Amino acid sequence: MNNMQADKNIKVKRGGKDVKISVDFEGKMSFGERLKLRIMSSFFLTKVVWTIFRLVLLLGISYVILLPFITKIAGSFMSIDDFLDVTVNLIPKYPTFDTYKYIFVENKYLEALTNTAILSGLCAVVQMMTCAVIGYGLSKFKFRGNKIVFICVILTMIIPHQTLQTSMFMKFRYFDIYGIYEFIYETFGLEALYVKNVAATKIWQYPYFNLINTYWPLAILSIGGLAFKNGLYIFMMRQFYKGVPDELEEAAYVDGSGVLRTFVQIILPLSVPMMITIFLFAFSWQWTDSFYTNFFFTQEGMYLMPDIVKIPQTLNKAAATMVNSGEYFSAINNTCGLMILLPLLIMYCFCQKYLVQGIERSGIVG
């Protein structure tokens with residue numbers, strides 16, 4: 001049978017030349033013989049083994065990744081009785097929505113959602129536009145100091161933000177743009193403000209703006225391209241614009257278009273997938289940020305998403321009789337995390353296509 005398969009192409013001489021003709025031996029075989037011939041081939045066996053290996057590998061990886069999320073979701077619907085019952089492992093016997101209800105009401109979820117959405121949306125839009133302009137300038141304009149500016153951008157990704165925490169707080173706590181107040185008071189001979197008396201020494205200070213507990217610190221950092229992860233966003237935009245052909249800009253310049261008009265009407269429409277990617281990254285990181293918000297917002301009245309991660313008072317009282325309430329409190333904290341991630345998950349479902357396109361065109365994969 002193997003010989004018959006090997007001799008499907010037979011050489012014959014026609015006009016003094018060797019010509020191959022195809023002979024269909026399988027057409028004369030029964031269905032069972034043809035099936036056996038295909039199954040016993042080494043190519044088919046190798047393909048089957050490789051397919052099974054990939055399937056098992058993907059199932060194992062999916063299990064490792066999804067099991068913690070499934071456990072957290074199942075635990076969010078468990079009642080106190082389920083945690084007291086040792087037979088309950090994953091599926092609750094007495095499912096309830098009490099955890100979600102008390103987090104929504106007592107932890108002020110709606111207020112935190114509104115404040116965080118405004119702050120994250122503001123920062124994301126500003127960072128998206130700022131990084132697009134900076135990335136375009138670094139990629140398309142050859143000016144003196146271009147590489148130095150790019151090195152400074154990379155350094156913002158390397159230097160830990162904790163090292164700048166105190167200086168940033170003091171700068172926005174006593175905010176004076178370029179020393180304008182100090183210049184005015186010194187120029188016109190105005191008397192500075194008396195602050196306090198320490199060790200019988202009078203301390204005088206110029207007026208200032210207190211921007212703490214406002215959106216201004218994060219907005220100013222975003223406008224200046226110095227906010228959280230802005231170095232990465234600028235790098236991504238720079239790599240994207242390097243892939244845009246220079247002929248597009250040259251054709252626009254020949255038609256009389258200026259730099260600004262070319263950027264707005266030609267470059268920006270091409271950058272929509274990349275800009276949406278930057279927006280999603282900036283929005284997501286600001287949504288779950290607790291580093292900047294903790295020292296820029298010192299008053300308890302400003303509720304943001306990280307502030308809802310706490311045990312509601314009602315559930316805390318209900319668990320007072322439990323012998324070991326640590327597992328129950330851990331499930332409540334996990335539920336708070338799920339409620340924080342839910343808006344991001346919904347947004348990702350609608351913007352997944354643009355996110356994948358932006359990452360593919362950024363030049364940082366592959």
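Trainee: I would like to start with a single residue and work outwards, so in which helix is G231 found?

Mentor: G231 is found in helix α11, where helices (H or I, at least four residues) and strands (E, at least two) are DSSP runs numbered from the N terminus. Keep in mind that this is a predicted model, in which local features need pLDDT of at least 70 and side-chain atom pairs count only at pLDDT 80 or more, while totals for chains, interfaces and linings use all residues. Residues are numbered from 1 along each chain as its sequence is written, and side-chain values use heavy atoms, with hydrogens and water left out.

Trainee: Is G231 buried or exposed, and which residues is G231 in contact with beyond its sequence neighbours?

Mentor: G231 has a relative accessible area of 5% and is therefore buried, a word used for values under 20%, with exposed meaning over 50% and partly exposed in between (1.4 Å probe, protein chains only). Once the neighbours within four places in sequence are set aside, G231 is in contact (heavy atoms within 4.5 Å) with V153, T156 and M157. The C-alpha atoms of G231 and I158 are separated by 9.2 Å, although these two residues are 73 residues apart along the chain.

Trainee: What do I find at K229, in the loop between α10 and α11?

Mentor: K229 has a phi near 70°, a positive value in a residue other than glycine, and at a relative accessible area of 32% K229 is partly exposed. For N213, too, phi is near 70°; N213 sits in the loop between β4 (201-205) and α10 (216-223) and is partly exposed, with a relative accessible area of 22%.

Trainee: How should I read the packing of α11 with α14, and at what angle do their axes cross?

Mentor: Two packed helices are described by the angle between their axes and the distance between the axes. In this model, helix α11 (residues 230-242) and helix α14 (residues 272-287) have axes that come within 11 Å and cross at roughly 170°, which means that α11 is roughly antiparallel to α14. Angles under 35 degrees count as roughly parallel, over 145 as roughly antiparallel, 65 to 115 as roughly perpendicular and the rest as oblique; they run from 0 to 180 degrees between N-to-C directions, and the axes are lines fitted to C-alpha atoms, for helices over the stretch in contact.

Trainee: Which residues of α11 and α14 meet?

Mentor: From α11 come L232, Y233, M236, M237 and F240, and they meet M274, M275, T277, I278, F281, A282 and W285 of α14. The residues of this contact between α11 and α14 divide into 11 nonpolar, one polar and no charged, where Ala, Val, Leu, Ile, Met, Phe, Trp, Tyr, Cys and Pro count as nonpolar, Asp, Glu, Lys and Arg as charged, and the others, Gly among them, as polar.

Trainee: At what angle do α6 and α13 pack?

Mentor: Helix α13 (residues 259-270) and α6 pack at an angle of about 100°, with their axes 12 Å apart, so α6 is roughly perpendicular to α13. Here M129, A132, V133 and Y136 of α6 meet F263, I267 and L268 of α13, and by class this contact has seven nonpolar, no polar and no charged residues.

Trainee: How many salt bridges does the count come to?

Mentor: Side chains of opposite charge can pair when their charged atoms come close. The count comes to four salt bridges, each being a side-chain nitrogen of Lys or Arg within 4 Å of a carboxyl oxygen of Asp or Glu. One of them joins the side chains of D85 and K93 at 3.2 Å, N to O, and K93 is partly exposed at 48% relative accessible area.

Trainee: Which residues are joined into one network by salt bridges that share partners?

Mentor: K140 and D246 meet through their side chains in a salt bridge of 2.8 Å, N to O. K140 lies in helix α6 (residues 109-140) and D246 in helix α12 (residues 246-254), so the pair ties together parts that are 106 residues apart in sequence. The side chain of E249 also forms a salt bridge with that of K140, at 3.7 Å, N to O, and this pair again links α12 with α6, over 109 residues. Shared partners thus join K140, D246 and E249 into one network, in which K140 is buried at 17% relative accessibility, D246 is partly exposed at 40% and E249 is buried at 5%.
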